[in-house]
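Trainee: Can we go through how the labels on this one were assigned? I'd like to see each value set against its cut-off.

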Amino acid sequence: MKTLSLSSYTFQTTYAGRRSFSPKALFKEVLRFLRHPKIQASSESSLVSRVRQVGVLTVANFFLATGVGLLLTFLQQQGMLEKTELSPEYRKLFEHLPMALLAGVGIAPLLEEFLFRSWLRSPHQALYVLSALPLYGLFVVLQPVWTMPVLYFWLGYLVIGILIEGLGRTRIHRLDAALYPFFSRIFPLLFYGSVLMFGFVHVSNYTHVPLLLYPLVTLPQLISGCLLGYTRMRYGFWYGVGQHGLHNLVCILVMFLFQ
């Protein structure tokens, strides 16, 4: 166990410690974490070791997600699963390689890791990020009478977040201290909630997906969400962004190679 200090309170987190790296041990640790998600201290291994482990997870992510995707395609071709088509917007995005790389490797990993996983270590960040959901719902409801472009909403929301982080650090620490016991108890729900949100947001890649098929259609993304969530908790935010971007890069290049 390792004890972390945050202002006027302390809490304990679990970590595997310094160990010699092996893919088998890594996968066992991932499965152990996914069975019982807990707030973990960052890995204390060397930079080279962390990069190797994230690389192994990226390869595993690609083959697992691709394998499940091929299985779903086969089931659709056999008539055992309702067919789904990629949305016109998604197809258009992948008509040009530079645009696909910019969106899939540059913008999407950073934005999605921020929205779905950046807050998994901090109660006040969780409150801030998760509050975007009802606020965005309110924005959509008011859109007919309040014609503000959605980009302005997200830019304003980002500015608020920066101000919160930059002001009142003592109050933020006190808030975290008060919320942390509850936050740690519901962490498994928060973790898998983030996985589901990450997966289901990719339903927009397709057209006319029945609600009951959401888990199946987005199963590759749900798998990615689990592995990226582990990376976020074990290695840190930027390792998750890197893993996400590398995974998307390989997928995009494969798509352009075989289309």
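Trainee: What makes glutamate 85 and arginine 91 a salt bridge?

Mentor: Their side chains meet at 3.5 Å, N to O. A salt bridge needs a side-chain nitrogen of Lys or Arg within 4 Å of a carboxyl oxygen of Asp or Glu, so the pair qualifies. Keep in mind that this is a predicted model: local features need pLDDT of at least 70, side-chain atom pairs count only at pLDDT 80 or more, and totals for chains, interfaces and linings use all residues. Residues are numbered from 1 along each chain as its sequence is written, and side-chain values use heavy atoms, with hydrogens and water left out.

Trainee: Why is glutamate 85 called partly exposed?

Mentor: Its relative accessible area is 44%. Buried means under 20%, exposed over 50%, and partly exposed in between (1.4 Å probe, protein chains only), so 44% lands in the middle class. Arginine 91, at 46%, counts as partly exposed too.

Trainee: How many salt bridges does a search of the whole structure find?

Mentor: Three. Another one joins arginine 234 and glutamate 29 at 2.6 Å, N to O. That pair links distant parts of the chain, 205 residues apart, with arginine 234 in helix H11 and glutamate 29 in helix H1. Helices here are DSSP runs (H or I, at least four residues), numbered from the N terminus.

Trainee: Are arginine 234 and glutamate 29 buried or exposed?

Mentor: Arginine 234 has 4% relative accessibility, so it counts as buried. Glutamate 29 is buried as well, with 9%. The side chains of arginine 117 and glutamate 113 also meet in a salt bridge, at 2.8 Å, N to O, and both residues are buried.

Trainee: What does tyrosine 230 touch?

Mentor: Its contacts (heavy atoms within 4.5 Å) include Glu29, Val30, Phe33 and Phe191, leaving out residues up to four places away in sequence. Tyr230 is also among the members that touch the most others in the largest nonpolar core, which has 27 residues. Such a core is a set of buried Ala, Val, Leu, Ile, Met, Phe, Trp, Tyr and Cys residues joined through side-chain atoms within 4.5 Å. H11 gives the most to this core, with five residues.

Trainee: How many disulfides does the structure hold?

Mentor: Zero. A disulfide is a pair of cysteine sulfur atoms within 2.5 Å, so no pair meets that cut-off. As for exposure, cysteine 226 is buried at 17%, whereas cysteine 251 is partly exposed at 23%.

Key: Helix = DSSP H or I, 4+ residues; strand = E, 2+ residues; numbered from the N terminus.
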